[in-house]
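Good morning, colleagues. Please have the structure open on your screens while I speak.

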Amino acid sequence: MSAPLSLGIDIGGTFTDLVIHDPRDGRAIIWKESTTPDDPARGALEGTRRVLAKAGVKSEQVGRVVHATTLFTNALIERKGAKTGLLTTAGFADVLEIARERKYELYDLFIEMPKPLVPRPWRREARERLAPDGSVEIALDVEAALAEVGELVEQGVESLAICFLHSYANPVHERAIAAAVAERFQNLSISLSSDIAPEIREYQRASTTVANAYIRPLAEIYLERLEKALSMSGIPGGLFLMLSNGGLTHVSEAKRAPVQLLESGPAAGALAGAWFGRNAGLERVLAFDMGGTTAKLALVDDGEPLVAYGFEAAREKRFLRGSGLPIMIATVELIEIGAGGGSIARKSDLGTLQVGPESSGAQPGPACYGRGGMEATVTDADLALGYLNADFFLGGAMKIDRAATEAALGGLATALGVGHDRAGFGVHDVVNENMAGAARVAIAERGRIPAEYALLATGGAGPVHAWNVARKLGVTRVVCPPGAGAGSTIGMLMAPARVDRVASFSAPLAGADFGQAEAIFAAQEKESLDVLRPTGADASGRVVRRLADMRYIGQGSEVTVAMPSPLTEAGVRTAFEAAYKALFARTPPGAAIQFVALRLSVSAPMPGAGGKIELPRHPRAQALKGTRAVFFADAGKMLPTNVYDRYALEAGVIVQGPAVFEEDESTFVVGPGATARLLPDGSILAEVV
Amino acid sequence: MAHTFDAIELELLWRRLISLVDEAAAAMVRTSFSTLVRESYDFSCVVTDASGQSLVQASESIPSFIGTLPETVKHFLRFFPPDQLQPGDVLITNDIWLGTGHLPDITLAKPIFRGGKLIAFSATTAHAPDIGGKIRSPEPREVFEEGLQIPPMKMIAAGKTDETLVAIIRKNVRTPDQTMGDLYAQIVALDLMEDRLLILMENYALPDLTDLAREIQGRCETAMRAAIRELPDGTYHSELKTDGIMETPITLRLKLTIKGDEIAMDFAGTDAQVDRAINCALCYTTAMAMYGVKVCTSPNLPNNEGSFRPISLSAPPGCIVNPQFPAPGGSRMLIGHYVPMLVFGCLGQIVPERVMAACGSPMWGMNQSGVRDDGKGGGKPYANMFFYNGGMGGNTQRDGVTCLSWPSNVSSTSIEISEHIAPLRFHHKKLRPDSGGSGRHRGGLGQEILIESRSDTPIAVSFLAERTIFPAFGIEGGNDGAPGELHINGRKTDPKKQYVLNKGDTVSLGTPGGGGHGDPKMRPEPELAADIAAGYVTDRAAYCG
């Protein structure tokens, strides 16, 4: 192959992570470039130049580029998308603004709800009506609707969302008006709810469709520009985009429905967790990524990250459910917690120690950065406890102000009325409890128990905290993969191509028309393969998942169940009851079951997606870097602890805890009683024996 | 020797308690049949100490249950003293005076033992899909018409389910599978709280919860007392009128006294109870009054017994906020949702910056029931309740939010779902222009919903609808919001009665707008212009006039 290399680019808020990877021998080189928010493509291209230079390879050798970005999420948060209009069924233009009518905060009289992405003057109505079964009750008045759209275009609207009542059951009117609009207004971008999120519940469907319309012109320009620039820089390979569902797609699908890309970065992170978990032979993994301001948790069962079919974007209050815009798109399920290295520790109003969600951010940062931060943060506590190395912070790139840390922790200890040492470990312990609590709820929501999982730690702070979080959860195995700081990017390199489709199928299980259901699945599979084919994925190796959203008649939320093949009433019933029991421990007596929607996902391996990762190794003789005092709660004191350079340790080496494993971006800490083993892929697996 | 907890240990234990009730709440949301539980979180989970004093409550609990649920546990203890409780018991009641003020809310509680000693209760209240009786409306004259009453009893005794009770419940409700299914969902939550609590106590070697409860409740009590102490001492009065029944308004009166670090509330002078189901049992009145005080004094304080200890409340027996048996109370929110506003009327005199203008609440709703014709002279009965909300009042910082549930937190039902489960067709659901009271900060807008029956069989409908006579008032110079409106076939209609819809009949509900805050002339021109451009306001002169 003339261009065997893969390039991963993950544009985050602060850094753009790049990895160049040779799937033939697994050789990988990582580079971190500062993100250029005014024009993210610029930083990506500069980073590309640098990572190629660092790896000593030429752009002609890059056979594909995989990409994740927070650009579109940021456009929603900052309300910097296109001028967007909305066309609805007559009588329902205000549904987008009336929303769910529910508060996300009960005790705040001054509450603010998220503003709709389309202001009222740009929400227009069409005369048409479908019945719940999709049959036409009032024919579409095309001319009147075109006149409404014409006014919007005159007012500068660039992108139009169309969301008619019951269109999930029959797209006929949405498609008819879209065709007429496309013909008359050729520069207008159009997004149909029956195409983007064909699911019942008009507000959520409209919200998703509008979000797509809002970011679509931006996505079209950005992706075209990036594709062109990569090609100009001499890279012959195609550009692939990471989707929120944990799979890749090609540029034209991303341009059609960019709302699928909102969670691309975090999805890649979960995928990396899944991949390293599989390498380590672990079935169930709790991927735990802890950075500067937040921690993210993702559950991986049977080697695959769990996917949910809805999430919230652009929350008014980042950690408050219900404060964002609902987006009904297949998305790797992530729990975000306000817990990171920069989380600030304070005495709460009730006199207890509170850690986060407020963060010191990049400026001033933790007290130890010496940039004027006066309050103690998690990083300060980690430093005082010996988990972090003051002389090797960010690989020695940052000078640490120990005195500032001591002063901040001292102030906190005085405020709390506890000893200095107690305050330091208290901060570490409380932030761990916050994360463990979120993990417990997330795991319980699926009817599972934490002990079945292994913790896989990434991010700057994840490996520092993982061992103690695991102990709180009763988890006995902790994995720290190589390149833990660039995990997301590595995940993208391993990602398959993936397509998710959903169709409404409202029918009681008893007497359901399985012929119709099979026909829907067949159509979904064909459509998915049509999308998949241009990615160059190996369709012969595809995995097809046939799922159904089902519930007991009368319930309002659904359980997504894997469908047997062929479909039979008894087979589906067994599958549903088993899934229901797994979640809720029992099934209600005597209740009837119904279908709500059918889902199909196809994933297929990408050529060039590697089987292993080999980061540059350090000389074996330098493995033991030295010894330092590190605090462990079991011992109740600082213990002299060996410090290793993880890239100098060879596969198969066994290290007894307590131990510290350092790399530039992070530090993996394991306690007394741990047995840590170097795995062939460079991961460290620590177990309580 | 009492155990003491330092600032760190206490935070760790507290976090664990919060996570265990939230875990139970998550399990309930996913297993429940009731739309109100699943989509509106019309339920709560709580852990109390052995005496029924609450320690921790699920984060998303609605305000009413935060006040009522621990009280119900204390009532259980009166009926079943500790020596009559054993492991594996589950207690049940929906008594409106001991519970939440109306029958659909069923409370279950489970005593938790450690080392053979009663150390705690896990408890839940949830709104059942149906409880039998007349469909929910203000019409019933006595509680007997409102459905099945379950006195405090053991649904499960030492692990053995009372099948007689189950059979009686099943026979008396329209949706036996769903109502029972929800009770089992509540039991899952009770078991989960018990399990997690015992693990936590094992981890931290706590023999019982006495010391921890004292610490947690004590800190919240101290914080609440400190917040009250900041308020000037004095006695403050407020009064407001509700639409009432049969065009006879009902007057609510409150005297609120602040003395040192305590607040006493007295509803003397409030009108008498009525023979319609809008009576608001004292448990619900108390919960709503506490909520009103809390949002103005210490909105971020965790909910437990301690937060409410410095606040006392009294209401003369027989008045509409303390009705006596057998007064009906199915629609008690039609009085109860006014109570926080009454509290604001008092506290607004001393901390005007912390209150808002009146909201377009109580919440609105339309209840329908009927029988789906099976073509054989029979059919399957059904009942649905759809909710809609008015606008919130303006406040010192910003405009009131448009169409938002307050003080409750019940979301509106999706139109597409509504049309799937009921033989109805919706013609519109739109904002009501000019319904927000004008002011420096405008009231939130109400909405208008037009619904048509498509049913071949008659549909009985009744409503929750208030502020059709007395609008949500403005404060600090702001104007009133638009009153609510109910029309059947275009004719203005008394919302407190039950009606029958035949095919083609229409119902129009117009929820009230919120009151404005501050002088409308002070509204900056760009904000007014934006309102006019959006059509929230159509008449500039009327807005400022």
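I shall go through confidence, the contact between the chains, the helix packing, the domains and sheets of one chain, and a few backbone details of the other.

Let me begin with confidence. What you see is a predicted model. For the complex, the predictor reports an ipTM of 0.93 and a pTM of 0.93. Chain B has an average pLDDT of 93, and 98% of its residues score at least 70. As a general caution, predicted coordinates should not be read in detail where pLDDT is low.

I turn to the contact between the chains. Chain A contributes 61 residues to this contact, and chain B contributes 65 residues. On the side of chain A that touches chain B, the elements giving two or more residues are helix H3 (95-98), helix H7 (202-232), strand E22 (353-359), helix H12 (420-444) and helix H16 (569-584). Which of these elements provides the largest share of that side? H12(A) does, with 10 residues. By class, the side of chain A that touches chain B comprises 28 nonpolar, 14 polar and 19 charged residues.

H12(A) therefore deserves a closer look, given its largest share of that side, and I will describe its packing against two helices, one in each chain. In general, two packed helices are described by the angle between their axes and the distance between the axes.

The partner in chain B is helix H1, residues 7-31. The axes of H12(A) and H1(B) are 9 Å apart and form an angle of about 5 degrees. With angles under 35 degrees counted as roughly parallel, these two helices are therefore roughly parallel to each other. H12(A) brings Arg422(A), Gly426(A), Asp429(A), Val430(A), Glu433(A), Asn434(A), Gly437(A), Arg440(A), Val441(A) and Ala444(A) to this contact. On the side of H1(B), the residues met include Ile8(B), Glu11(B), Leu12(B), Arg15(B), Arg16(B) and Asp22(B). The residues of the contact of H12(A) with H1(B) comprise 7 nonpolar, 4 polar and 9 charged.

Within chain A, H12(A) also packs with helix H11, residues 402-416. Here the axes are 8 Å apart, at an angle of about 100 degrees. The range from 65 to 115 degrees counts as roughly perpendicular, and H11(A) and H12(A) are therefore roughly perpendicular to each other. Leu409(A), Gly410(A), Leu412(A), Ala413(A) and Leu416(A) of H11(A) make the contact with His420(A), Ala423(A) and Gly424(A) of H12(A). This contact has 5 nonpolar, 3 polar and no charged residues.

Next, the domains of chain B. Chain B is divided into domain 1, covering 7-221, and domain 2, covering 356-545. Their C-alpha centres lie 33 Å apart. The contact joins 16 residues of domain 1 to 17 residues of domain 2. On the side of domain 1 of chain B that touches domain 2, helix H2 (35-40) and helix H3 (63-79) of chain B each supply at least two residues. The largest share of that side comes from H2(B), with 4 residues. By class, that side divides into 6 nonpolar, 4 polar and 6 charged residues.

Chain B also offers two open sheets for discussion. One has 5 strands in the order E14-E15-E20-E17-E18, with antiparallel pairing. Strand E14 (424-431) and strand E18 (491-492) are its edges, each with a single partner strand, so one side of each has no neighbour in the sheet. Inside this sheet, strand E15 (447-453) and strand E20 (506-510) of chain B pair antiparallel over 5 bridges. Opposite Glu452(B) stands Thr506(B) in E20(B).

The other sheet has 4 strands in the order E13-E12-E16-E19, again with antiparallel pairing. Which strands stand at its edges? They are strand E13 (379-388) and strand E19 (499-501) of chain B. Neighbouring strands of this sheet are turned by 25 degrees against each other on average, direction ignored. Strand E12 (364-373) and E13(B) are joined by 10 bridges and run antiparallel. The bridge partner of Trp364(B) in E13(B) is Tyr388(B).

I close with backbone details in chain A. Ser565(A) and Pro566(A) are joined by a cis peptide bond, with omega about 0 degrees. Pro566(A) lies in the loop between strand E27 (559-562) and H16 of chain A. The peptide bond from Gly657(A) to Pro658(A) is likewise cis, with omega near 0 degrees. Finally, Glu101(A) is not a glycine, yet has a positive phi of about 65 degrees. This residue is placed in the loop between H3 and strand E6 (123-126) of chain A.

Definitions and conventions: Residues numbered from 1 in each chain as written. Chains lettered and ligands numbered in written order. Predicted model: local features only at pLDDT ≥ 70, side-chain atom pairs only at ≥ 80, totals over all residues. Contact = placed C-beta atoms within 7 Å. Nonpolar A, V, L, I, M, F, W, Y, C, P; charged D, E, K, R; others polar. pLDDT = per-residue confidence, 0-100. Domains from an automatic or database assignment. Axes fitted to C-alpha atoms, helices over the stretch in contact; angles between N-to-C directions. Parallel < 35°, antiparallel > 145°, perpendicular 65-115°, else oblique. Pairing = 2+ DSSP bridges.
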